[in-house]
Amino acid sequence: MCGNEAIGEGAIQADCQFYAGYPITPQNELTAYMAKRMYEEKRIFIQSESELSAINMVFGASLAGARAMTSSSSPGISLKQEGISYLVGCELPAVIVNIMRGGPGLGNIAPSQADYFQATKGGGHGDYHTIVLAPSSVEEAFNLTMLAFDLADLYRNPVIVLGDGMLGQMMEPVNIEMATYKNKKINTDKDWALTGCRGRKPHVIRSLFLEEGVLEEHNKKLQKKFQEIKEKEVRFEGLCLEDAEFVLIAYGTVSRICKAVMNDLREKGKKIGLIRPITLWPFPERIIKGVAQRVKGILVVEMSAGQMLEDVRLAVEGACPVDFYGRMGGGVPTEEEISKKLSGFKAV
Amino acid sequence: MRDVPMHYCPGCGHGIVHRLICEVIDELGIREKTIGVAPVGCAVIAYEYWDFDTTESAHGRAPAVATGIKRVLPDRIVFTYQGDGDLSAIGTAEIIHTANRGENITVIFVNNAVYGMTGGQMAPTTILGQRTETTPWGREANRDGYPLKISELLSLLPGVTYVERTTVNKAKNVLITKKAIRKAFQNQIDKKGFSLVEILSPCPTYWHLSPIEAAEWIEKEMIKYYPLGVIKEK
């Protein structure tokens, strides 16, 4: 199946009860897959009139206690930011899939990673973060989508699955029976949901706190939650780091190109390692900070002008040289380009 | 309804409409299965007054939020409470498409021809010649467009079951409004589909009138453009 379909099946396996989406390339296979599968499973699928409406339907479904998801691609995700901010403010779980395409503006429909800032730094208004999961293969997209639902419910916070157009479109086998992540269906008993006040006091779900000082307290509570997520939920893959002299850092499909570069150079006796962040927020800063102490250089590769690069530099804190190679607007870095850029480091 | 002081201005219609909704909910015995969606606007803190499950949505998005709730919990009673700015400006797409899908929800649409919460700016429903903060010399069609008759517009959609326009400017009309609200909720209980009650409601503060003058202004000016009565019933 293609990456978009794998994400859809991950949602089905994670017991997603509600999906709303609006057509946009390159994620259309996901909406089509959900239309078919949600019907088969007797769950709820709505093709909404807009991205705004889709995210707000998800808001409604989530506050009614259902596991809910929406998906889109970059321009559509910009429209969803209002709703994502409200979801965080109201502490509502939801899964939002962004299959990134080239920007800014309408851009194009080619793969891109230029929404990293938007995804990891908040995206909408207010002080907040969403958990961001970045799969690099179709099978991982399936697994991380299931994880996304558990994390959303565990922390009562939206989770973004961030892929690019290449991941969404490419076909790879997925072993559904032997999934590496078993959806735990944690915290699905939502005693905070709005279900009618039978036998209890009425619930109010809101992000408006007009009384003096109350909003600040609410923000402190959110920040405490974000801190807990930073401590507990960092995920990354590290390859050949033990003896590495130079380390590549990349996520998503770009990390696979970097892996090929690493393997090729390893065969030639060069000591190259790779760090692939799986959670982009929380960012795996500790491992990067540690590795930076003992390597001669780090090369960050992205399909952007250098967005994750900033987080890498913050983690490295000048401990080693950090260089960058990026392609934009649908350009995909080649192995040759990355190798050439690596050779710019002295002694590679 | 909670026994707390309301923040609404003297002569405002929101308090009356809140009370009518709560009375209807009690009379129909549905309080424990009702979920209300409050808007952004003067009624943004309706949750302070309603004694049932309530959320407050982003500006204009209440019908989308209600859609999500109702689809997940089809046996609950879900309604939105929206002002004219919320429903007929920023939320135009949401209300039209929710109505067009024939979602089995109830919409209470409070039309006071002005943005109240933000200080009295022109609303889509502001009538021609009406002075507001952003039409200081009166609304002009060639510059500001025409007042939007959203209820008439919605009544054209096949998904819509019931639309009625009422007002709360005097006792008799309050009783008619209550009857309409009751019908809009009963329709949902009977799974008849999308129902909307538009209520012309006084805003003395931003009409710069006394409460009595505001009630009269509805009678003399507003009803001329927004005639009362059942607009659609399926």
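Which strands form the open sheet, and in what order do they stand? In this predicted model, select β7 of chain A first and then step across into chain B, following the order β7(A)-β2(B)-β1(B)-β3(B)-β4(B)-β8(B)-β7(B)-β9(B), which takes you through an open sheet of 8 strands with mixed pairing. The two edges of this sheet are β7 of chain A, residues 204-205, and β9 of chain B, residues 229-233, and each of these strands pairs on one side only.

Begin at the edge that belongs to chain A. Here β7(A) runs parallel to β2(B), and the two strands are joined by 2 bridges; if you select A:Val204, you will find B:Thr54 of β2(B) standing opposite.

Now go to the other edge, where β7 of chain B, residues 160-167, pairs with β9(B) in the antiparallel sense over 4 bridges. Select B:Glu164 in this part of the sheet, and look in β9(B) for its bridge partner, which is B:Val230.

Next, select the contacts between the chains, where 28 residues of chain B meet 31 residues of chain A. On the side of chain B that touches chain A, at least two residues each come from β1 (34-38), β2 (53-56), α2 (62-72) and α4 (92-100), and α2(B) gives the most, with 8 residues. Colouring this side of chain B by residue class will show 12 nonpolar, 7 polar and 9 charged residues.

To end the tour, return to β2(B), residues 53-56, which supplies at least two residues to the side that touches chain A and is also the strand that β7(A) joins through 2 bridges.

Terms used. Residues are numbered from 1 along each chain as its sequence is written. Chains are lettered from A and ligands numbered from 1 in the order in which they are written. This is a predicted model: local features need pLDDT of at least 70, side-chain atom pairs count only at pLDDT 80 or more; totals for chains, interfaces and linings use all residues. Two strands pair if DSSP finds at least two bridges between them. Two residues are in contact if their C-beta atoms, placed from the backbone, lie within 7 Å. Ala, Val, Leu, Ile, Met, Phe, Trp, Tyr, Cys and Pro count as nonpolar, Asp, Glu, Lys and Arg as charged, and the others, Gly among them, as polar.
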